[in-house]
Amino acid sequence: MTTGPEDRKAPVRIDTSRPHPARVYDWWLGGKDNYPVDEELARKILAVDGTVLRGARGNRRFMQRAVRAAAEAGIRQFLDIGTGIPTEPNLHQIAQRVAPEARVVYADNDPIVLRHAEALLRGTPEGSTEYVHADVRDLPTLLERAADSLDLDRPVALSLVALTHYLDDGAYDLVREYVARLAPGSWLILSQVTPDLSPEAIENAANHFRRSGTPFFPRSLTEFARFFEGLELLGPGLIPVSGWRPEPEDVAAQAEGIVPVYAGVARKA
């Protein structure tokens with residue numbers, strides 16, 4: 001079942017001895033829900049890769065554009081895994097702005113996100129917005145709980161934005177299995193750090209992540225494309241994140257330089 005009000009208010013155990021990707025990302029976005037250990041790692045990575053702040057913002061903007069595109073195409077169910085700490089506009093706000101009846105399920109394994117679930121769940125009266133506290137690798141549990149709110153026999157937009165670079169090569173089978181469980185007409189929304197565009201900086205950043213105990217797996221364009229095998233890629237295909245159906249703000253961001261993150265959206269036939 002999805003996380004209920006009592007669960008969301010229950011004490012949560014937060015490990016502040018090790019950085020967590022969601023909290024590092026929060027620091028890059030200018031948030032305050034992070035700890036000194038997260039800030040330390042975020043600053044170390046920023047020192048070797050000056051694109052990370054633009055990359056974090058670019059990922060958020062890509063999510064917004066892709067979700068809007070899905071909603072405008074008629075998708076009314078959204079599953080966002082690796083939600084991260086709430087940063088407005090959140091996915092449900094984008095989807096329900098287009099379709100107030102849209103149903104959204106967020107999922108993350110960070111206890112801080114659980115603490116903020118109440119903020120995530122303020123959607124429209126017509127729709128549904130729920131939170132599942134689960135790890136992406138625990139597919140059976142996550143989908144079982146998501147199915148309390150989503151009808152998995154109908155199309156779902158699966159958002160895995162800035163998540164797969166924290167997963168090893170088992171990520172290909174994992175994403176494939178998630179897509180296999182979704183109905184025809186479902187969408188896959190995905191972004192991934194790549195070494196292609198800034199190899200030295202990304203290798204240095206990856207080393208900082210790994211030394212902190214966080215696995216990190218940048219992927220080339222060829223490797224990124226494997227996530228979309230058997231799916232119908234939507235235009236403009238696989239492209240640096242700010243170039244996917246850019247709006248004026250994204251065009252301006254591209255003028256500052258391309259960030260080493262690929263993005264893509266595909267439909268299941």
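Colleague: Leaving aside neighbours within four places in sequence, which residues is phenylalanine 78 in contact with?
Modeller: Bear in mind that this is a predicted model. Skipping residues within four places in sequence, phenylalanine 78 still has contacts on both sides of its own position in the chain. The full list is Val67, Ala70, Ala71, Leu91, Ala95, Ala102, Arg103, Val104, Val105, Leu150, Val156 and Ala157.

Colleague: Which members of the largest nonpolar core touch the most other members?
Modeller: Nonpolar side chains in soluble globular proteins tend to be buried together. Here the largest nonpolar core has 53 residues. The members touching the most others are Trp28, Phe62 and Phe78.

Colleague: And which element gives the largest share of this core?
Modeller: The core in question is the one with 53 residues, Phe62 among them. Its largest share is nine residues, and they come from helix H4 (residues 52-72).

Colleague: How many residues are in the second, separate core?
Modeller: This core is separate from the one that holds Phe78. Its members include Val132, Ala134, Leu174 and Val179. The count for the second core is 33 residues.

Colleague: Back to alanine 95: is it buried or exposed?
Modeller: Alanine 95 sits in helix H5 (residues 91-98). Not counting residues up to four places away in sequence, alanine 95 touches Val67, Ala71, Phe78 and Ala102. Its relative accessibility is 0%, and since the cut-off for buried is under 20%, alanine 95 counts as buried.

Colleague: What separates the C-alpha atoms of alanine 95 and phenylalanine 62?
Modeller: Along the chain the two residues are 33 residues apart. In space, their C-alpha atoms are separated by 13 Å.

Colleague: Let's turn to the rings. Tyrosine 166 and phenylalanine 209 form an aromatic pair: what geometry does it have?
Modeller: The structure holds nine aromatic pairs. In the pair of tyrosine 166 and phenylalanine 209, the centres are 5.7 Å apart and the planes make an angle of 80 degrees. Planes over 60 degrees apart are the cut-off that matters, so this pair is edge-to-face.

Colleague: How many residues apart in sequence are the parts that this pair ties together?
Modeller: Tyrosine 166 is in the loop between strand S4 (157-160) and helix H9 (170-181), while phenylalanine 209 belongs to helix H10 (residues 199-211). Both residues are buried, tyrosine 166 with a relative accessible area of 13% and phenylalanine 209 with one of 2%. The pair therefore ties together parts whose separation in sequence is 43 residues.

Colleague: Why is the pair of phenylalanine 224 and phenylalanine 228 classed the way it is?
Modeller: Phenylalanine 224 is buried, with 0% relative accessible area, and phenylalanine 228 is also buried, at 4%. Their ring centres lie 5.3 Å apart. Because the planes stand at 80 degrees, the pair is edge-to-face.

Colleague: Which residues do ring pairs link into a cluster?
Modeller: You've met two of them already, Phe224 and Phe228. Ring pairs make up the links of the cluster, whose members are Tyr172, Phe224, Phe227, Phe228 and Tyr262.

Colleague: Which arginine lies over the face of tyrosine 172 at 3.7 Å from the ring centre?
Modeller: Two candidates lie over the face of tyrosine 172, arginine 219 and arginine 226. Arginine 219 is at 5.2 Å from the ring centre. The one at 3.7 Å is arginine 226.

Colleague: What about threonine 51, buried or exposed?
Modeller: Threonine 51 lies in the loop between helix H3 (36-48) and H4. Beyond its neighbours within four places in sequence, threonine 51 is in contact with Val259 and Pro260. With a relative accessibility of 14%, threonine 51 counts as buried.

Colleague: And glycine 30, buried or exposed?
Modeller: Glycine 30 is found in the loop between helix H2 (21-28) and H3. Its C-alpha atom is 9.6 Å from that of threonine 87, which is 57 residues away along the chain. The relative accessible area of glycine 30 is 56%, and over 50% is the cut-off, so glycine 30 is exposed.

Colleague: Stepping back, what is the radius of gyration of the chain?
Modeller: The chain has 12 helices and eight strands. For 269 residues the globule rule gives 18 Å, and the chain comes close to that, so it is as compact as a globular protein of that length. Its radius of gyration is 17 Å.

Conventions:
Residues numbered from 1 in each chain as written. Predicted model: local features only at pLDDT ≥ 70, side-chain atom pairs only at ≥ 80, totals over all residues. Heavy atoms only, no water. Phe/Tyr/Trp six-rings, centres within 6.5 Å; stacked < 30°, edge-to-face > 60°. Helix = DSSP H or I, 4+ residues; strand = E, 2+ residues; numbered from the N terminus. Buried < 20%, exposed > 50% of the residue type's maximum accessible area, 1.4 Å probe, protein only. Lys NZ or Arg CZ within 6 Å of the ring centre and 35° of its normal. Core = buried A, V, L, I, M, F, W, Y, C linked by side-chain atoms within 4.5 Å. Contact = heavy atoms within 4.5 Å. Rg over C-alpha atoms; globule rule 2.2 N^0.38 Å.
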